[in-house]
Each structure stands twice: as structure tokens, then as C-alpha cells.
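Hi everyone, thanks for making time this morning. Let's have a look at the structure together, and then I'll talk about its cysteines and its pockets.

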Amino acid sequence: MVRYRHVASDGTEIIFRELVKGDAKACMSFINSFVDERRSGLLIDKKVTLKAEEKWLESQLSDTKARQIVMLLVELDGRIVGSCHVHRLPSKHRHRAVLGVALLKGLRGKGVGEALMRRTMELAVKRFRGIETIELSSFAYNERAQSLYKKLGFKEFGRVPRSAKEGDEYFDEVMMRLELSQTSPRDE
Ligand SMILES: CC(C)(COP(=O)(O)OP(=O)(O)OC[C@H]1O[C@@H](n2cnc3c(N)ncnc32)[C@H](O)[C@@H]1OP(=O)(O)O)[C@@H](O)C(=O)NCCC(=O)NCCS
């Protein structure tokens, strides 16, 4: 299992690590924290149950084994405070992968998102043979996410108008893609 120590720009020591059996409860608390946050940046709008999270964890572990997904969690004092995943699309989309990333409020703006994305993408390129692009999307209001993605080389290729609705507000979705100039990735 991959495990890295990382120090955030304010000195906070965190761990980036892969999922293990037994992570369901901590992952559930993490993801449910975004439900009550206005403009959280994520799609989730209903809390998940432990049963649903256990099922989700099982499928993530099996997809990791099958090299269809790479996921790193951020751990701080035994709690999950962030995550980043890259999943490979199937069939004739196999050369494409999609990334998602999220950190709890207290950890944002300290360089963690950037380090976490770099580590996760590095691992995905090693484990997935032949991926050529990594895609992601963010809501138009999420300027922090977009500047991070641009810094990492992602370029906008389109927008979905009124993609999401929160209360009475609609948000466009900004689609971005990173072209990987990959020659011969090694398996890890
Ligand atoms: C989006 C997110 C992953 C970014 O991670 P982060 O740790 O906050 O970002 P970092 O501190 O690594 O910043 C990296 C770059 O992003 C940009 N950035 C950081 N904070 C910013 C801010 N407040 N405003 C604008 N750009 C900002 C900068 O370009 C920064 O690089 P620099 O420090 O060299 O200037 C994180 O804020 C987050 O999880 N937000 C909530 C959930 C979410 O929006 N997920 C993404 C859904 S698409």
C-alpha cells in the first residue's frame, strides 16, 4: 500500500495513503461534511449511511485491485480530511481517466491539494497502461480549484451551462483536460 508523509505550508503533518478495509466510517464522516457546506464544490447533497459507505468502500477496493481506480486519502490524527481519485473509463474510452479531489475546509489553501493531486496522478500514470488524458470538472464559482488545475497544466475544453442547481441558483460546469505525454508507463 502506498503511503506518503506530507507537511502542509502551515506545518501540519498529514499522511497520504490508499484505502483499506475498515475505512468506511471515517470516509462517511469525511464525505458527509460537504453536505451542509454552501458552494462546497462537490455534487453531494444528501448524507450517506454507513451501510452505503461500506458498499462503496468494497467496490473501491475491488476497482483498485482491478487497476480501474487509484485513490489517496489524506489522514490527520486518525481522521480522513481529504481524498483524490483517478478512475479509468471503460471500453473505447480506456485512454481517458477522470479525477476528483476534495479537502475539508481547515486544510485548504496550504498546498495540500496540489501535492495530493500530483501524487495521485503520478500513481495513476504508473498503474494504468496507456492513459492519454486526465479530465475533471468544477463549478464556475470554484476559482481556487480552477487556478490549481491550470497550474497543473489542465486546459478548459468546454462548459455545461446550468449544470447544477443549489437552492434557486444554477451553476455552469467547467470541463478541463490534461494531455499526458506518456511513453512507456511502468506498472507499480
Ligand atoms: C480545490 C481544492 C482541492 C484545492 O486544494 P488546496 O489545497 O486548497 O489548494 P492549494 O493550496 O494546493 O493551492 C494550489 C494552487 O491553487 C490556487 N489557489 C489556492 N488557494 C486559492 C484561492 N484562495 N483563490 C484562488 N486560487 C487559489 C493557487 O494557484 C495555488 O497555487 P500557489 O499557492 O502556488 O499560488 C480544495 O480547495 C478543496 O478541496 N476545495 C473544496 C472541494 C472542491 O472544491 N473540490 C474540487 C471540486 S472540482
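**Cysteines and pockets**

Let me begin with C27, which counts as buried because its relative accessibility is 3%. Please keep in mind that we are looking at a predicted model. C84 is buried too, with a relative accessible area of 0%.

So how many disulfides does a search of the whole structure find? The count is zero. For C27, the closest cysteine sulfur belongs to C84, and at 14 Å it is too far for a bond. A disulfide needs the two sulfur atoms within 2.5 Å.

Now, on to the pockets. The largest pocket has a volume of about 1200 Å³. It is lined by 43 residues, and the closest to its centre are G41, L42, G100, V101 and A102. Which elements give two or more residues to this lining? Helices α1 (24–32), α2 (50–65), α3 (112–127) and α4 (143–151) do, along with strands β3 (69–76), β4 (79–88), β5 (96–103) and β6 (133–139). The largest share, six residues, comes from β5. By class, the lining holds 23 nonpolar, twelve polar and eight charged residues.

The second largest pocket has a volume of about 240 Å³. Here 15 residues form the lining, and L42, L43, I44, D45 and E166 are the closest to the centre. You may recall L42 from the largest pocket, where it is also among the residues closest to the centre. Strand β7, residues 155–166, gives the most to the second lining, with three residues. That lining divides into nine nonpolar, one polar and five charged residues.

Thanks for listening, and I'm happy to take questions!

Terms used
Residues numbered from 1 in each chain as written. Predicted model: local features only at pLDDT ≥ 70, side-chain atom pairs only at ≥ 80, totals over all residues. Heavy atoms only, no water. 1 Å grid on protein atoms, 1.4 Å probe; cavity = no way out; pocket = protein on both sides within 12 Å on 5 of 7 lines; lining within 4 Å. Points joined across faces, edges and corners; volume = space filled by probe spheres on them. Helix = DSSP H or I, 4+ residues; strand = E, 2+ residues; numbered from the N terminus. Nonpolar A, V, L, I, M, F, W, Y, C, P; charged D, E, K, R; others polar. Buried < 20%, exposed > 50% of the residue type's maximum accessible area, 1.4 Å probe, protein only.
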